[in-house]
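Open the model in your viewer and keep the selection tool at hand. The stops below each give something to select and say what is there.

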Amino acid sequence: MIKSFLLSLFKPIMPLMGTISFWQKNVLISFFLLFPFGIVFTYTYMNIDDELQKLHNNISHLENNHVLYQVLLFTQDYELKVKQYYKDTQNLNLKKEFELSQSRLIQVAQDGTGFLEDEYTCESFIKQINLALLNNNFNKLKEYTQGYKSFIYTGFVPVHLISGNQNEENLAVLADLISEEIPYSNYVLSNVINGDNRNDFLLALGKFMGLSEKNNILMKQLSLYPDQLQSLHLRYEESIKEYEEYSLSGETEDSNKALDEVLSLQLSLFNLMQDFLLEALEETSNDLQNKKIFYVLFLTWCAFISLYLFLAGYLSLTLSLRQFFMTTAKISNGEFDSRVERGNNVELDKLALEFNKMIESLDYHYSLLSEYKKAMDSSAIVVKTDKQGLITYVNREYEKISGYTKSELIGSTHRLIKSKHTSTEQISELWKYLQDKKIYKTVFENIAKNGKSFFVESTIVPILNRSSEISEFIAVMFDITPLHKQKERLQAQLYKDELTSLPNRLKLLEDIKHSKDAKLVVINIDRFKEINTIYGEHLGDLTLQKMAQEIKGSLKTRHLQLYKLSADEFAILAGNNISIEHFKEDVAMLAHYLSDIKLRCEGHEISVRLSLGAAISELHHLTRPLISMADMALKEAKHKMKPYVFYNDIDNIDEDLEKNYKMIQIIENAIKEDKVGCSYQGLINSKTGRIEKYETLMRLEDSQGKKISPQDFVSIAKKARLYPMLTQKLVYKALSTFIKRTESVSINLSIDDLMDDNTYSFILDALRHCPCAKRVIFELLETEEIEFNERVIEFTSSVKKLGAKIAIDDFGSGYSNYAYLIKLGVDILKIDASLIKEVHTNENSRLIVRSIIDIAQALGMQTVAEHVHIKEVHDIMVEMGVDFLQGYYLHKPISNLP
């Protein structure tokens, strides 16, 4: 009922409100609401009450002005007496008149004490006059007198001469009356003169110098006064003239009488002026009261209109918004074909247009997401889980690879297909990343329903809701089982000794790297060359095979792993489960067992003696590589002809530490004195035979200028955490050298360089400001750390955006993971020298190198063959199709480029 009434009441104006924008409505309504309040505020607090208060105060102000005028006249009189006395200080009559004038001035000034409160009082003025007289300084006397007059004027209380009968012209005439001698402040009349005439008014001040002439102007201006003013004026004018004449002629007594007459008449004039202002006050007060009533009525009208317009605007808006609510409800139910009908409301019509565009965009993106989902489901393995890890969705590809149906997978966890090789540490790391709302990337080995293993490269993403809380997880996986199997085959070839089928040196180094508190025994066959010389290489190889069986048979625990190193060396790596005491006992027993072995090889009995060197990493805090410590122990055993020696039992071991200390000093001085130098080795294009790239090699100089090879200082520099500073020096010099050259420059970086924040930032900043960034190649040493290190991925992405390229150094020597090559955006593979130098003699090396080249070409990557040391290797690599060749056979490192 009320709503219908309101609609009918505001119906006439609602179409009008609908045709203007919502912003314009608010401006209009705000104007009508705020404008009356602004008028009332301005009128009430700045005009009406303020003016009334001023008018009521004018009467008392007039009385004050009268006293001030008396002070001014007595000041003038005192000034005249001072001047006369100054001319003749010996005249007793003049002195008497001077003192009398002074006492009169003090008396009248005391009457005005209530409104002349200032440190510049009459007493101080008189003291200054007397001081000027004492010093015979007439200029100072004049200055003090004029200053005191100015002080008197600043105390004048403003009187507004307002009257309905006065106009602007009359007030302009009255302005001519004002000067230093008349008791009306120029500030007062400037307030009643129109702002445009204010300057003219101020210019008119001070034009008239005679008191009688000014008084005539005053009387003409006040022509509306009663008739008795005329006679009073005549008497006042005559008394003024008498005062002037007596004062100028020096007739003191008559001058004083005339002065008293002037003061008396002046008081009468002020009384008449007071009556005149009372009339003006009453008249103005009535006008102000009438204005007050008018503005109250005006305010009431404005408030009514504002409320009316506000309600009309509100109703026109709510009716139009109902369509938006209904359409929104339909969209939330998936009806993306719904639209808002456009009407005659300008603002909402624009909103409807944009709203419909938004719906069309939502419909488009929803369709697009559906297509993306279709593409993802057809090309990748997709699975979703809830926060607890329960599977909520799998696509068809996941069913195919796992062998399980969707009904078997939904509601279960990934334990259903988890491999026993998946460590609890990896699962813990996975959940830590996901709970921290980070994306986790890894390779999982899973078990299909048929029991076979399959490998997937997984990217698991936590899905966040609007509150940034995890609502579910989605995993996108790619099947890399064929690639993983190929990697295993390559690793098997790379890490296995062909003669004995034992793990080789590369495998030992890899295992040591992943072993905690490793313990190592290196076993060497004494004088093995003599066996080859006496029995031939065939029986020598057979001896090695028999020796491998003997050593393996002597190992009583599975925690000891046997390796084949060089031609006549073996190694045994102890697991973490063996204590130091047990390890020492095992070494002693092994040395005793292998002290004198006779091997039967094709009818020959070959006597073999062995020497053992052992090292325990726990006892030396990894001051040097474990295998190096074991080799040193082996050399010590051979030197002293002992069956075995432990590294920690070697005398003078601290000498090596001293050497390390000296090397650290050399490195620090080289950094400080800028003695980090560069050598450059050319990379030859296999097709053109020309040098197109240079690899930068770091060199140091000691204090005597001797050059130091990287193999003597790199490992120590890394351990001393000085290597990042060396890298920064190298990068700067290499980039500076190749700014004006046309070849590309290759710079080696380690994982330590990328993990150092200063070096990381230095490289990126240098690359940004380098005009040769597109000719820069960063070589990363191939390690397992690279694949799982987010910092490395971030670095490769950043430098490639700046134009640089990424190369993997020593590829094939260790980890050899092809999956991460694409992830890092690798451009160049540098095949490890250990494979290249044997490619002409070792069929396995040749097969591995060929497979690396084939895979690199398939992935669009260039290849570089390192350590090309002879022509045979050069020709084989060219025939295999390698892109670039590097080695001493082709180009030796040089310090100065041509």
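The tour goes from a strand to its neighbours, then to rings, unusual backbone angles and charged pairs.

This is a predicted model, in which local features need pLDDT of at least 70 and side-chain atom pairs count only at pLDDT 80 or more, while totals for chains, interfaces and linings use all residues. Residues are numbered from 1 along each chain as its sequence is written, and side-chain values use heavy atoms, with hydrogens and water left out.

**Stop 1: strand S11**

Select residues 610-616, which make up strand S11. Helices (H or I, at least four residues) and strands (E, at least two) are DSSP runs, numbered from the N terminus. Is S11 enclosed or open? Seven of its seven residues are buried, so S11 is largely enclosed by the rest of the structure. Buried means under 20% relative accessible area, exposed means over 50%, and partly exposed is in between (1.4 Å probe, protein chains only). Show the side chains: Leu-610, Leu-612, Ala-614 and Ile-616 point one way, and Ser-611, Gly-613 and Ala-615 point the other way.

Now add strand S6, residues 519-525, which pairs with S11 in the antiparallel sense over seven bridges. Two strands pair if DSSP finds at least two bridges between them. To see one of the bridges, pick Lys-519, whose partner in S11 is Ile-616. Then add strand S12, residues 644-646, which pairs with S11 in the parallel sense over three bridges. Here Gly-613 has Val-645 as its bridge partner in S12.

**Stop 2: helix H22**

Select residues 626-639 for helix H22. The expected span of a helix is 1.5 Å times one less than its number of residues. For the 14 residues of H22 that should be 20 Å, and the end C-alpha atoms are 20 Å apart, which agrees. Among the buried residues of H22 are Leu-626, Ile-627, Met-629 and Asp-631. Which elements do the buried residues of H22 pack against? They pack against helix H18 (505-513), S6, strand S8 (569-574), S11 and S12, where contact means heavy atoms within 4.5 Å.

**Stop 3: two positive phi angles**

Most residues other than glycine have a negative phi. Pick Met-641, in the loop between H22 and S12. Met-641 is not a glycine, yet has a positive phi of about 55°. Met-641 is exposed, with a relative accessible area of 76%. Next pick His-867, in the loop between strand S20 (862-865) and helix H33 (871-880). Phi of His-867 is positive too, near 60°, and His-867 is partly exposed at 37% relative accessible area.

**Stop 4: aromatic rings**

Rings of Phe, Tyr and Trp (its six-membered ring) pair if their centres lie within 6.5 Å; planes under 30 degrees apart count as stacked, over 60 as edge-to-face and the rest as tilted. The count by this rule is eight aromatic pairs. Select Phe-583 and Phe-646, an edge-to-face pair at 6.2 Å centre to centre with 75° between the planes. Phe-583 is in helix H21 (residues 580-593) and Phe-646 in S12, 63 residues apart. Both Phe-583 and Phe-646 are buried. Add Tyr-644, which forms one aromatic cluster with Phe-583 and Phe-646.

Over the ring of Phe-646 sits the charged end of Lys-584, 5.9 Å from the ring centre. A charge sits over a ring if NZ of Lys or CZ of Arg is within 6 Å of the ring centre and within 35 degrees of the ring normal. Another such place is Tyr-433, with Lys-438 over its face at 5.7 Å from the ring centre.

**Stop 5: salt bridges**

A salt bridge is a side-chain nitrogen of Lys or Arg within 4 Å of a carboxyl oxygen of Asp or Glu. The count by this rule is 23 salt bridges. Select Glu-408 and Lys-449, whose closest N and O atoms are 3.0 Å apart. Glu-408 lies in helix H15 (residues 406-409) and Lys-449 in the loop between strand S3 (440-447) and strand S4 (453-464), so the pair ties together parts that are 41 residues apart in sequence.

Finish in H33 with Lys-871 and Asp-875, a salt bridge with its closest N and O atoms 2.7 Å apart. These two residues are four apart in H33, about one turn of the helix.
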